[in-house]
Amino acid sequence: MIKRRRFLNLTALLSATAVLPNVAFSEKNNEHQSSRLLAKRLKKGDTIGLIAPGYAVKANILEEIKETLKKMGFVPFHTDRIHGNHGYFSDTDKERAADLNDMFANTKVDAILCARGGYGCTRIMQMIDYENIKLNPKILIGFSDITALLNGIQKETGLITFHGPVGSTLNDDYSQQEFSSSLVHPKYPQVITNVTLEDEEMINDVEYERYTITSGQSTGKLVGGSLTLVNALIGTPHEIDFTDTIVCLEDVEEAPYRIDRMLTQLIEGPSFKNAKGIVFGVCAGCNSSSNSKSFTLKEVIMDRIAPLNIPAAYGMSFGHVPNNFTFPIGLNAHWDADKMTLKILEKAVL
């Protein structure tokens, strides 16, 4: 791990980043964030570093991820740490944190893609070298447990991170197209729309139903990801301030009462009621319950979210679904809950 440069103040930091090849952008944002960092966009031939900051990734899956990246025109890279198996983790907390820190410090690595999710990221938040990230801003992308890294790093450093596929889910045309539209060939404003559902099973699955909860449009900073992980950050230094934000939420395999409990915890918190909009992905596997008298997933979401009276809708294509679009954490976007479109208003990469 690179030794923290504690002697640097903000002025010195900005001066230093101006001459480093990976440091591309820093600007004043708003009262909720003092600075913003943008990483360089990806281009064909760039090296993408693979990490497993949570659960272990199987050897055959890792090889498939590498083949996918090669077909997309990138050069995959990983250290031996990704091969580890420490209980259900890919490696020890210390080694997983070191892998993340080293990927940011490695000048030959252009972006960082999490190979998979799975529990573990909240255990390494205090081991991350945030000063190193400020000096070497790079694209960081993933979802699920990676939600903690995306929002925590964005809050600590100002780096715009990306909620999108992990390596093991970057194997379909839609996900690759959206990945490219956000990180390789971005155009601003960028309008994100849902994938067209063609699978009959999904079309007939109530968990994939697309509906408006509260009509309207709003603009705010994008935050969020996995509902479970957003809740797990509560009470930590990386708890999300939802004031003036558009909150993106999704989850997987959680019973309706658990979704109810997590949403209630957010609503009763200090800032969730000050959000500007709510964008739900698909909560796959969250409509089932052993209790025959259970509320449905939709009933829970309508009951908890509608009273907030802010633009909200359910069924966007991100998170634990086969087709996963990419969006920036920390940038302003326009949300239309009726048309179910998300427009990224600002440059996310250089």
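So, helices α9 and α10: their angle is under 35 degrees, which counts as roughly parallel (over 145 would be roughly antiparallel, 65 to 115 roughly perpendicular, and the rest oblique), and these two are therefore roughly parallel to each other. The packing angle is about 15°, and the axes are 9 Å apart. Those axes are lines fitted to C-alpha atoms, for helices over the stretch in contact, with angles running from 0 to 180 degrees between N-to-C directions. The crossing of α9 and α10 is right-handed, meaning that the near helix is turned clockwise from the far one by less than a right angle; anticlockwise would be left-handed.

Before I go on, a word on what we're looking at. This is a predicted model, where local features need pLDDT of at least 70 and side-chain atom pairs count only at pLDDT 80 or more, while totals for chains, interfaces and linings use all residues. Residues are numbered from 1 along each chain as its sequence is written, and side-chain values use heavy atoms, with hydrogens and water left out. As for names like α9, helices (H or I, at least four residues) and strands (E, at least two) are DSSP runs, numbered from the N terminus.

Back to the pair. Which residues of α9 meet α10? On the α9 side we have Pro 256, Ile 259, Asp 260, Leu 263, Thr 264 and Ile 267, and on the α10 side Leu 297, Val 300, Arg 304 and Ile 305. Contact here means heavy atoms within 4.5 Å.

Now α9 by itself. It has 12 residues, 256–267, and at 1.5 Å a residue it should span 16 Å; its end C-alpha atoms are 16 Å apart, which agrees. The expected span is 1.5 Å times one less than the number of residues. Buried means under 20% relative accessible area, exposed means over 50%, and partly exposed is in between, with a 1.4 Å probe and protein chains only. In α9 the buried ones are Pro 256, Ile 259, Met 262, Leu 263, Leu 266 and Ile 267. They cover an arc of only 140° around the axis, which puts them on the same side of α9. That arc is taken from the directions from the helix axis to the C-beta atoms. If you like a rule of thumb, an α-helix has 3.6 residues a turn, so residues three or four places apart point the same way. What covers that buried set includes α8 (227–232), β11 (245–250), β12 (277–281) and α10 (297–305).

From the α10 side, let's pick out Leu 297, which sits in that helix. At 3% relative accessibility, Leu 297 counts as buried. Not counting residues up to four places away in sequence, Leu 297 touches Pro 256, Ile 259, Cys 283, Cys 286, Asn 287 and Tyr 314.

Next, α6, residues 173–183. Its buried residues are Tyr 174, Ser 175, Glu 178, Phe 179, Ser 182 and Leu 183. They cover an arc of only 135° around the axis, which puts them on the same side of α6. They pack against β3, β6, β7 (161–163) and β8.

How many residues of α3 are buried? It's 10 of its 13, so α3 is mostly covered. Its buried residues pack against β3 (47–51), β4 (75–77), β5 (111–114), α4 (130–135), β6 (139–142) and α5 (147–157). For length, α3 runs over residues 93–105 and should span 18 Å, and its end C-alpha atoms are 18 Å apart, which agrees.

On to the loops. Most residues other than glycine have a negative phi, and most peptide bonds are trans. Here are some spots to check against that. Asp 244, not a glycine, has a positive phi of about 60°. Asp 244 is in the loop between α8 and β11, and it is partly exposed, at 33% relative accessible area. Asn 309 has a positive phi too, near 55°. You'll find Asn 309 in the loop between α10 and β13 (312–316), and at 60% it is exposed. Then there's a cis peptide bond between Tyr 188 and Pro 189, with omega about 0°. Pro 189 is in the loop between α6 and β8 (190–192).

Last one: is Pro 237 buried or exposed? It counts as exposed, at 53% relative accessibility. Pro 237 lies in the loop between α8 and β11. Leaving out residues up to four places away in sequence, Pro 237 touches Gln 126 and Lys 155. The C-alpha atoms of Pro 237 and Gln 126 are separated by 9.3 Å, with their places 111 residues apart along the chain.
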